[in-house]
Amino acid sequence: MRSTSPPSAPPSEGGQLSLSLTTPKIVFLIIAAAAPLAAMVCTVPLAFALGNGPGVPAMFVFAGLTLMCFCVGYAAISRRVVNAGGFYTYISCGLGRPPAVGGGLIAVVAYNTASVGLLGAFAYFAQLVAASHGLDLPWEVWAGAGLVVVAVLGYRQIDLSARVLAVAMCCEVGILLLLAVAVLVRDGGSALPATSFAPHTLAGAGTGVSMMFAFISFIGIESAALYGEEAHDPERSVSRATYIAVSLIALFYGFISWIAVGAVGAADVQRVATHQLGDLFFNLSDDYLTTALTTVMQILLCLSLFAGWLALHNAANRYMFVLGRERVLPGFLGAVHPRLASPYRASLVQTVFSLVTAAVFAIAGLDPYLGLTTSMLGLGTLGIVFLQAVACLSVIGYFRRRPDRHWWRTLVAPGLGFAGLVVATTLVVTNFDTMTGTDNPVVGSLPWLILAGAVLGPAYALWIRAAHPERYARLAGVATRGESTPRGRQVGEAVPAGGRP
């Protein structure tokens, strides 16, 4: 007998999340988390300056291909397992409950800190843009205003956030495409120099740093699985949305960075980017478009950062909600709002965490960008890339003895993804001071938090197994599609999907 029930999470005493998401809405949530305009304006000039200059577009292509291999396995397991736990659930399916608890705790740290990092970036650039137009307010004011809006949207049903993010994404992508068209019209074929993909460019100094920045720019592409419990058709929506988002981001980032190389000149792009940094794309807009459109681009940069902040806030909420629902974190986090069907308590806790963290940095007099953003976003990036690599191993482990395993989808592709993501993780760790822009020993020690989660999480799971075996048996429990119903259990009852302890 085969189960005909949809995959489901363990029942929550707090209720069921709303089923309001379609594939396009999930795509908007994913791409918004990657913040395309912010990635181009803030990250690409750094990659030009510190990396291999004109070779940056090729690094985006490489990162995209690596993450497509990750997506092949991710999509395969998402068709079988639907749960708001994302990495936490998938790691349990393939590697067992103890590593899953470690992965879940790392995800909570990574997404919460990445969200706070974008809070700092939003406040910093909002202050700069507003001050340049006569409205000079402290960055703390912009951080507070943004936090109020994020808190309201995060508290409510996810569908509202998806609509806001859709508008933001279309605007920020639109202004960059307009710049690309202007460069192509004026410069013709020279706007896309072949040297960006030439072997001598890719073999030059700084390739590893460029590769690191390229992977950083894809952060958030794995978040589709977090919305499985809120999708109309999760078996298809999660995998489709992930494929679509990664393909669009890779093509878009590669194309726009290539256009920037052509507009500045391949021979000069490293020198010019080193001098101009965050003003590079604004100066290109002044040259190829108009100063009025540059002002629009500056405003849209703030909107892009806000959209990424909101998307990561929602992702952090889902992890805290699931871990609270299963009592890995305090159980009150697993409550669903009775009317809005949202993880409202998890959202409130994330808001308080952001407020307290930002307040500590403000009281200490630290810079919102070089202090708050680089350190928090750096830690979040490292945690997410590490979890992507572990998820590839989980896919291989989950399908290893299953009859529906496939040589490419469940073995070779996730294996290639794992290899590429291990390289990315190593690059982030070894270049952490470059990524964060500081040699402060406190900031430099932040990667140890990821190692702590990887060690303490499994130890915590083993303690739960010894002290509360009934709770341990329910950890990361899901029903899966296409499987025979386990003997002695009812269809739809929560079971460990991978059959691992």
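Apart from its neighbours within four places in sequence, Leu137 makes contact with Gln127 and Trp142 in this predicted model. Leu137 is located in the loop that joins helix H5 (97-132) to helix H6 (139-155). Its relative accessibility is 29%, and Leu137 therefore counts as partly exposed. Between Leu137 and Phe418 the C-alpha to C-alpha distance is 45 Å, with a separation of 281 residues in sequence.

**Helix H14**

H5 and H6, the helices on either side of the Leu137 loop, are also among the elements that cover the buried residues of H14; helix H13 (291-325) and H15 are included as well. Helix H14 spans residues 344-363, 20 residues in total. From its first C-alpha to its last, H14 reaches 28 Å, close to the 28 Å expected at 1.5 Å a residue.

Which residues of H14 are buried? They are Tyr344, Ala346, Ser347, Gln350, Thr351, Ser354, Thr357, Ala358 and Phe361. Viewed down the axis of H14, these buried residues fall within an arc of 160°, so they line one face of the helix. In an α-helix there are 3.6 residues a turn, so residues three or four places apart point the same way. After H14 comes Gly365, which has a positive phi, near 75°.

**Salt bridges**

The structure contains four salt bridges. Side chains of opposite charge can pair when their charged atoms come close. Three of the pairs are set out below, with the distance between the closest N and O atoms.

| Acidic residue | Basic residue | Closest N and O atoms |
|---|---|---|
| Asp404 | Arg80 | 2.8 Å |
| Asp404 | Arg402 | 3.0 Å |
| Asp268 | Arg271 | 3.6 Å |

Asp404 forms a salt bridge with Arg80, and this pair links distant parts of the chain, 324 residues apart. Asp404 lies in the loop between helix H15 (368-399) and helix H16 (408-430), whereas Arg80 lies in the loop between helix H3 (56-78) and helix H4 (87-95). Asp404 also forms a salt bridge with Arg402, and Arg80, Arg402 and Asp404 are thereby joined in a network of salt bridges.

Is Arg402 buried or exposed? Arg402 counts as buried because its relative accessibility, 9%, is under the 20% limit. Asp404, by contrast, is partly exposed, with a relative accessible area of 24%.

In the pair formed by Asp268 and Arg271, Asp268 is partly exposed, its relative accessible area being 31%. Arg271 has a relative accessibility of 56% and so counts as exposed, the threshold being over 50%.

Notes. Residues numbered from 1 in each chain as written. Predicted model: local features only at pLDDT ≥ 70, side-chain atom pairs only at ≥ 80, totals over all residues. Heavy atoms only, no water. Salt bridge = Lys/Arg side-chain N within 4 Å of Asp/Glu carboxyl O. Helix = DSSP H or I, 4+ residues; strand = E, 2+ residues; numbered from the N terminus. Buried < 20%, exposed > 50% of the residue type's maximum accessible area, 1.4 Å probe, protein only. Contact = heavy atoms within 4.5 Å. Expected span 1.5 Å × (residues − 1). Arc of directions from axis to C-beta.
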